[in-house]
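Dear colleague,

Please find below the structure that I am handing over to you. My findings follow it, with the terms explained as they arise.

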Amino acid sequence: MAHVLDVATGKETGDVVHGMKFTLAAAWARDGSGFFYSRYPEVAEAEKFQALNENHRIFFHRLGTPQSADRLVYETPAHPTQSHYAQITDDGHWLVITTSEGTDDRYQITLADLNDPAWPTRTIVHGLNHHWSLAGNVGTRFYWTTNSHAPRMRIVTMDVGASEHPEAHALVPEDKATLEGAAIVGHVLVASYLVDARTEIRRYALDGTRLEPVALPGIGTASGFGGEQDDPETFYAFTSFNDPTTIYRLNIATGESIPWAAPKLLFDPADYHVEQRFYASKDGTRVPMFVVRRKDVTGPAPTLLYAYGGFNIPLTPSFSSSRIAWMEQGGVVAIANIRGGGEYGKAWHDGGRLANKQNSFDDFIAAGEYLIAQGIAGAGQLAIQGGSNGGLLVGAVVNQRPDLFAAALPAVGVMDMLRFDRWTAGRYWVDDYGRPSEEADFHRLLAYSPYHNVRGGRDYPAILVTTADTDDRVVPGHSFKYTAALQAAEIGAKPHLARIETRAGHGSGKPTDKIIEEAADIWAFAAEWTGLGVKGR
C-alpha cells in the first residue's frame, strides 16, 4: 500500500494505492497530475502471504481520484508471469516500459508516446534476451546501457524516431570493468563501473569522447548521479565499510567533488583498516574478498564471513553500524564476492547459478579456508552469515563442511529447494536455481538443498536461524522446516535455534529498537561460539 504525501505541506493528499508489491517506484507525469505505477491484482486475505504473484500491470493514477478510476496503461494477459515497470523521460514525452520475466536481467522495452492522448505503445526491443537500461534521451536519440554483445555492458544509442524497429549503435564499448549504469546530467554521460567490486565513476561527452574521471574518496561504493540534462551539478552518496554515507556535490563540467552532507560520528573511521584480498577457489578461480578490522587487531580473531552469490547482485563496500559494533569488540568482518553475483558481469553470474551453483558454495568454503590459513581467523573462530539467497548459501555450506565453522547465521533463507517455486515470489527464482519440476534440475537442487541434506552422525556448528512471520518473499516455512530438520538430527551438542520476528517481512518492517534487539541477539550468539570477548565483561 502506498500513500501520497504533499512534500510542501508534509500532509497526506488522501490518495492511496494498493498492490504495489516489492516496489514503491512511481513515474510522475511532468505536469504533476498523477503517476504511473505497477501492481498485482488483489488476492483473498487467506492467500495474502502465499499466492503466486502474477498478472502484473501498469496503471496511471490521477491525483484526487479513487484507485478504482485508475487508467490501465499496459498488460500482457497472454503472459501472466511477466513483470512491467514504467519510467518517464526527462522531457516528459515518452513512457518507457521495461518488461521482464523472472529475476534474470533480460528485458523487453516498450515505448508509449505521452504526447498522444491515446498513449499508443510500440515495442522497440523484443525477445527478453538482454539487459537494457535507459541512461537518458535527447529528443528521439536514446542512450542505453546493455549487455547485448557485451557481457560486461556497454553504452549504445538508438534513434526511436527513425523507424518502428530502431537499431542500436555502439557509443562506449565494453571494458574490463563492469558497467553498472549511466545517466545524462549536464549534457554529460556519467557512468558507474565496478572495478573488482568497488566503484569507479567515468564521464563521457554525448558523442562518446572520454572525459576526466570523478575522483572518489577511497575504496567504496558511489551511487546517485541523478539530474536533468541542463543541470550544472549532481549529487552522489559515497560509503565504505568504515565510512558512513556522505553526500557529495559533483561539478559536471570539471568533475570535481566536495562534501555536501556528512554524518556526525561517535567513532573514528581511521581506526579501522579496509583491505581487498584475492584467493583461489576450488577450481582455481580468483575471487576477491574485503577484510575489515580495527588496526590494532593483527592476530587470529573471531571473524564474521558474509556473502550472497546470486541473481547478478554485486556485494560492494557499504557501512553497517552493527558490523562496527562487532569490530569494536575486536572481531573481523570479511565479505567474499563469490560467483553468482554481478561483480564481473554476466560470466560471473552464470558461473554461480543453475548447473554451476556449486561454484558459489565452493567459493564460500574456500574463503573460510583462506581466512584460517592466513591467520586472520583461528580454528573455532569463524562464523558465517547470509540472508535470502545468502541464507541458502549458509545452509548449503554448513551441510557440506560443518567442521569448518564455529557458528552459522542464516537469515530468511531459501531452504527447501524442491518447493521454493510454489509460494509468492518463488517462481521468479527459476532463472538462478532451475525448475524443480524438470528432472535434471530436480537432481541438482536435491543435491544441495539445505533442508534435504541435514545429515546426522557429525557435529554441526552452532546455528541461529532468523526469519519473520510475515515474510512474503521467502516464506518463513523455509526456515521453520530447516530448523526442525536440524533439531531432529543427531548433529552434536551445540544449539540449533530459530529467532522469529513478528509483524516483519523480508529483512524489513522493523523499527529501530527491533533492529537493535535482533543485532544484539545475533552478535551475542556468534560471540559465544567464536570466543569474541566483550569490552567491560
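Helices (H or I, at least four residues) and strands (E, at least two) are DSSP runs, numbered from the N terminus. In those terms, threonine 424 is found in the loop between strand S27 (407-411) and helix H5 (430-433).

Two remarks on the source apply throughout. This is a predicted model, in which local features need pLDDT of at least 70 and side-chain atom pairs count only at pLDDT 80 or more, while totals for chains, interfaces and linings use all residues. Residues are numbered from 1 along each chain as its sequence is written, and side-chain values use heavy atoms, with hydrogens and water left out.

I begin with the chain as a whole. The protein chain contains 8 helices and 29 strands. Its radius of gyration is 24 Å, close to the 24 Å that the globule rule gives for 537 residues, so the protein chain is as compact as a globular protein of that length. The radius is taken over C-alpha atoms, and the rule is 2.2 Å times the number of residues to the power 0.38. Along the principal axes, the C-alpha atoms fill a box of roughly 70 × 55 × 50 Å.

Of the 537 residues, 54% are buried; buried means under 20% relative accessible area, exposed over 50%, and partly exposed in between (1.4 Å probe, protein chains only). Among contacts in the protein chain with a separation of 6 or more, 57% are between residues 24 or more positions apart, where contact means heavy atoms within 4.5 Å. The side chains include 48 positive and 63 negative ones, and the centres of the two sets lie 4 Å apart. For this count, Lys and Arg are positive and Asp and Glu negative, with His and the chain ends not counted; each charge is placed at NZ of Lys, CZ of Arg, CG of Asp or CD of Glu.

I turn next to individual residues. Asparagine 242 lies in the loop between strand S19 (233-240) and strand S20 (243-251), and counts as buried because its relative accessibility is 13%. A polar atom of the asparagine 242 side chain is 3.0 Å from the backbone oxygen of proline 269. Beyond its neighbours within four places in sequence, asparagine 242 is in contact with residues including Pro269, Tyr272 and Val274.

The last of these partners, valine 274, belongs to strand S22 (residues 272-280). Valine 274 has a relative accessible area of 16% and is therefore buried. Outside its neighbours within four places in sequence, its contacts are Ser240, Phe241, Asn242, Val291 and Val292.

Leucine 171 is part of strand S14 (residues 168-172) and is buried at 15% relative accessibility. The C-alpha atoms of leucine 171 and glycine 208 are 5.3 Å apart, although 37 residues separate them along the chain. With neighbours within four places in sequence set aside, leucine 171 is in contact with Gly208, and also with Leu189, Leu206 and Asp207, among others.

Finally, two residues other than glycine have a positive phi. Histidine 149, with phi near 60°, sits in the loop between strand S12 (141-146) and strand S13 (154-159). Its relative accessible area is 72%, so histidine 149 is exposed. Threonine 424, introduced above, has a phi of about 35°; its relative accessible area is 0%, so threonine 424 is buried.

With kind regards

Notes:
Polar contact = N/O pair within 3.5 Å; in protein donor to acceptor, adjacent residues only side chain to side chain.
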